[in-house]
Each structure stands twice: as C-alpha cells, then as structure tokens.
Amino acid sequence: MSHFDEAGAAVQAALDAGARYADARVMVCRTESMTARNGSVEDLGSDESAGLGVRALVGSSWGFYAVPDLSEPSARAAGRRAAQIAAASAQVPGPPVELTHSTPVTASWSSDCKVDPLSVPLADKGDLLVRATLAAKEAGADLAHANYAIWDTHKWFVSSEGHRIDQHIRECGGGVTANAIGDGEVQRRSLPGQYGTRGWELIEELDLVGNAPRLAEEARELLTAPLCPAGETTLILGGSQLALQIHESVGHAIELDRILGWEAAFAGTSWLDLNKLGELRYGSDLMNITIDPSFPGALGSFGFDDEGTPAAKRHAVRDGIWVGVLAGRDSAAVAGLDYAGSVRSDGWARLPMVRMTNVGLEPGPHTLDEIIAATDDGVFMETNRSWSIDDRRLNFQFGCEIGYEIKNGKRGRMLRNPTYTGIGPKFWQSMDMLSSETVAWGTPNCGKGQPGQIGHTGHPAAPARFTNVRVGVHG
C-alpha cells in the first residue's frame with residue numbers, strides 16, 4: 001500500500017495556506033523486543049504505529065504538525081495547521097530561512113534483509129535467549145540477561161519541490177550479559193550489543209549461546225582481578241569502545257545544529273568553531289572519520305534522509321584535519337555549505353533534526369595483534385561500562401568492563417574497573433596505531449532533542465592505540 005497521496009495532500013494544503021516550502025512523511029512503524037533472565041523470558045513487547053508529519057516554511061519560521069489519521073481530509077488539515085503554526089512563529093522577526101539545493105527525485109529504497117526478523121517464530125526467539133542465559137548461568141554467572149530488538153519502518157516522503165520517495169528499513173540486534181556478584185561488588189561482561197540495518201541473520205551471527213560461557217567466566221574472574229592502576233600510559237581500545245568514543249567525542253561534536261547553538265538548551269553545544277573548518281587539527285594523520293549513510297548493513301544507513309537528500313559518503317576528518325559536519329538543508333545554508341543529508345526523526349510525530357548517520361573511522365594499516373606486539377607497557381580496554389562527557393563534547397571519562405595489562409608486547413593479567421580520561425583533540429592527536437579490523441558497531445539509543453527523540457546510529461571502528469593517556473581514574 002502506498003501513502004504518497006496522503007503526503008501529497010498535506011503538502012498541497014500547506015502551500016495553499018501560505019507556505020513557501022512544505023514536506024510530509026507518512027511512517028508505518030512496527031517494533032518487537034524480548035528479554036530473558038536466568039533461563040526465563042521476562043519481557044516481550046510489540047507495537048505498531050502509523051501517522052503523518054508535515055513541515056511548512058513561512059518566512060523565517062518552520063511549523064510542524066502530526067496526525068495519526070491517514071485519511072486525506074486529516075492530511076490536508078495537518079498541512080494547513082503546520083502552515084498556520086509557521087506563520088504565527090514568523091511574526092517574531094528573525095533571519096530568513098534558506099535551504100541548500102536538493103534535486104527532486106522519485107525513488108524507492110530498501111535495506112538488505114536475508115531473513116525477515118518479524119517472520120521468525122516467537123518460540124524460536126525465546127528459546128535462543130533462554131539458552132544463552134542458561135549457558136551463562138552454567139558457566140558461573142549469578143545473573144544473566146539476553147535480549148533482541150527489531151524495528152520495521154516504511155516511509156513515504158513528498159516535498160513541494162517534487163520529491164516522491166518511499167523506503168523500507170529493517171533493523172535488528174541483540175546481546176547477552178553475564179553478571180558475577182562478589183563481596184560488595186558486581187562485575188559485568190557483555191557481548192557488545194550489535195545492531196544494524198539487516199535481518200535476523202545478524203542475530204544468528206552473534207552466536208549468543210556460544211559466547212555466553214566466556215562472558216560468565218570473565219565476569220567471575222574480574223571479581224578477584226587487580227584494580228586498574230592509576231597513571232599515564234599507552235592505551236589500546238577495542239573496537240566497540242572506540243565506536244562509543246567516536247559517537248560521544250566526534251559524532252555529537254560535528255552536529256551542525258550544536259555548533260550553531262540550536263541545541264544549547266538541552267543537549268549542549270560543541271567546542272568546534274565553523275571558522276576553523278578545513279584547517280583545525282582534530283587528531284593524528286591516522287584519523288580519517290567519514291559520514292557514510294550508504295555503509296552496507298550499518299545501523300545509521302538509509303537511501304535518503306528525511307529531507308529527501310540521497311545518502312552519500314563524505315569526510316568529517318581527513319588526515320586529522322576537520323573538514324565536514326552533519327547538517328540539514330537549513331543549517332547548511334546558514335553555514336554556507338553546499339551539502340546536507342543528515343536529518344532524521346524517530347517517528348511520524350516528531351520534527352526531523354540533524355542526527356548522526358554512520359560516523360566512523362576508516363581502517364588503519366595494522367592488526368590488534370600487531371598493536372599489542374608493538375606496545376612495551378600499557379593497558380588494553382574493551383566494552384563500555386560507563387561514560388561521561390561535558391556539554392561541549394570536549395572533556396570525557398569512560399569506564400570499560402574489562403582491561404588487560406600489556407607488558408613487553410604481550411597481553412598479561414586481567415584488570416578490574418578500568419577507566420580512562422582525556423580531552424577530545426589531545427586524545428585523538430595521540431592515536432599512533434589503528435587496526436584494519438573494522439566492525440560497523442550500532443548504537444540504538446542515542447538521545448537528542450526536545451521533546452526527546454531516540455536515534456539509531458552506526459560507528460565503523462577497529463582497535464586503536466593512544467599514547468600518554470591518563471587511566472585508572474576512580475572517584
């Protein structure tokens with residue numbers, strides 16, 4: 001079933017009511033999730049929603065209105081209401097809103113999916129999670145959790161410039177966690193949650209049952225492992241932890257609405273200054289960060305963003321120099337840029353905003369084994385446990401689930417409660433080795449906006465080494 005007619009009716013109604021530009025999105029969204037604990041299914045949830053959201057631009061202001069009714073009369077009423085809201089807002093003087101150029105297209109796009117995750121029987125899904133938690137319990141975990149989540153989204157987008165785009169995006173992912181309880185302390189080991197624009201085949205590849213015993217054994221061993229020593233040393237980060245480092249200290253910092261101050265009230269701003277775009281040194285020469293919503297199977301992938309801009313790869317950091325941002329058509333015009341492509345909403349009832357897509361590191365020339373072998377003295381950390389970063393995305397402190405001492409090029413004893421801290425550009429400038437073993441890690445819970453929206457982002461990353469990093473920060 002197509003919903004272009006309803007979206008088109010909303011756009012035309014907004015134009016008839018005085019808008020100089022309008023676009024509308026119809027979204028039909030289905031979700032499903034399940035959690036198991038200690039051999040029993042604990043929670044099962046499913047939801048389906050459908051509705052239409054329309055934006056209208058009048059003078060210097062946007063208006064937005066959304067309805068859960070997909071009839072054409074309701075769509076037309078939503079278009080008129082969006083234009084009225086924009087006109088009311090435009091009574092407060094402000095600079096005119098311009099939009100970067102977007103070539104109108106008629107297109108259709110679907111994410112790759114070998115096994116439709118919603119077609120897999122619930123009994124099979126539940127059995128998988130139960131077996132994973134029992135495997136962890138049998139290997140020594142006191143508390144074991146396993147979970148999966150599925151999102152199935154159809155979109156129809158129409159703009160007053162002539163866009164007509166439909167997309168079908170299927171996403172899923174999951175993980176397993178083992179907890180060991182000691183004397184006044186709990187240690188956790190988890191399979192880093194992996195999510196992507198793929199089908200149930202992604203869950204099967206994670207091998208939740210096969211990995212559960214190792215995680216339980218490591219959690220139990222952590223209870224008696226020595227505390228991560230405090231000091232300044234060489235730090236090696238595993239790929240999943242580096243993905244979070246990218247997300248927090250690069251991805252959010254290069255969001256143009258933050259840089260322009262539009263998000264200051266809630267999520268904060270950015271330490272970056274647009275006047276230094278193209279010349280500021282963000283990191284070492286090994287640092288090549290791309291914005292790539294076309295990355296196959298990654299969680300931030302799509303064919304077109306929610307403004308109809310086609311997915312395209314571009315650099316945010318090239319050879320350590322800051323060269324690009326995440327932008328929408330209006331913010332790009334304010335900044336004098338000729339590209340956008342990073343605007344999405346988490347549903348039909350929310351205004352699209354600048355969001356991360358797939359923001360990741362291009363592969364380096366090394367392997368993790370080579371990085372360890374080249375390190376005389378240091379610490380290896382992996383799998384995030386806690387994070388903290390200031391509202392300018394500059395000063396940070398992260399904790400990991402597990403660490404290992406590195407001595408004379410070999411991985412040594414396990415370390416408990418490893419942490420590290422730093423300042424974004426100084427930290428990235430210290431990166432001197434980077435692996436080629438890239439994985440497109442997914443973050444399905446990125447919060448932003450007022451009202452809050454949950455974004456799905458991808459972060460291709462591989463293990464890397466950083467010098468002179470302060471570790472073992474406790475309290």
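Hi everyone, let me start with a helix pair: α3 and α5 cross in a right-handed way, where right-handed means that the near helix is turned clockwise from the far one by less than a right angle, and left-handed means anticlockwise. Before going on, a word on the model. This is a predicted model, in which local features need pLDDT of at least 70, side-chain atom pairs count only at pLDDT 80 or more, and totals for chains, interfaces and linings use all residues. Residues are numbered from 1 along each chain as its sequence is written, and side-chain values use heavy atoms, with hydrogens and water left out.

Back to the helices. Two packed helices are described by the angle between their axes and the distance between the axes. Helix α3 covers residues 122-138, and helix α5 covers residues 208-222. Their axes are 7 Å apart and the packing angle is about 25 degrees. Axes here are lines fitted to C-alpha atoms, for helices over the stretch in contact, and angles run from 0 to 180 degrees between N-to-C directions. That makes α3 and α5 roughly parallel to each other; the labels are roughly parallel under 35 degrees, roughly antiparallel over 145, roughly perpendicular from 65 to 115, and oblique for the rest. Helices (H or I, at least four residues) and strands (E, at least two) are DSSP runs, numbered from the N terminus.

Staying with α3, L122 lies in this helix. Is L122 buried or exposed? L122 counts as partly exposed, because its relative accessibility is 40%. For these words, buried is under 20% relative accessible area, exposed is over 50%, and partly exposed is in between, with a 1.4 Å probe and protein chains only. L122 also joins V41 and L44 in a nonpolar surface patch of about 250 Å². Patches are made of residues with over 30% relative accessible area and no salt bridge, with like charges joined within 9 Å and nonpolar side chains (Val, Leu, Ile, Met, Phe, Trp, Tyr) within 5 Å. The areas come from the Shrake-Rupley method with a 1.4 Å probe, and for residues only the protein chains shown count as cover.

Now to charges. Side chains of opposite charge can pair when their charged atoms come close. How many salt bridges does the structure hold? There are 28, a salt bridge being a side-chain nitrogen of Lys or Arg within 4 Å of a carboxyl oxygen of Asp or Glu.

Here is one of them: R170 and D116 meet through their side chains, 4.0 Å from N to O. R170 sits in strand β6 (residues 164-181) and D116 in the loop between β4 (106-110) and α3, so this pair ties together parts that are 54 residues apart in sequence. R170 is buried, at a relative accessible area of 17%, whereas D116 is partly exposed, at 27%.

Next, K155 and D306 form a salt bridge whose closest N and O atoms are 2.9 Å apart. This pair links distant parts of the chain, 151 residues apart: K155 is in strand β5 (residues 143-159), and D306 is in the loop between β10 (289-291) and β11 (314-318). K155 is buried, with 11% relative accessible area, and D306 also counts as buried, at 3%.

That loop between β10 and β11 also holds L299, which is buried at 0% relative accessible area. The C-alpha atoms of L299 and I150 are 12 Å apart, with their positions 149 residues apart along the chain.

One more pair: E255 and R258 make a salt bridge through their side chains, at 2.9 Å from N to O. E255 is buried, with a relative accessible area of 0%, and R258 counts as buried at 1%. Elsewhere, R188, R189, R214, E218, E382 and E401 are joined into one network by salt bridges that share partners.

Last, some backbone details. Most residues other than glycine have a negative phi, and most peptide bonds are trans. Which residues are joined by a cis peptide bond? Q450 and P451 are, with omega of about -5 degrees, and P451 is in the loop between β21 (439-448) and β22 (453-461).

N38 is not a glycine, yet its phi is positive, about 50 degrees. N38 sits in the loop between β1 (21-37) and β2 (40-58), and is partly exposed at 30% relative accessibility. N468, also not a glycine, has a positive phi of about 55 degrees. N468 lies in strand β23 (residues 464-471) and counts as exposed, at 55% relative accessibility. Thanks for listening!
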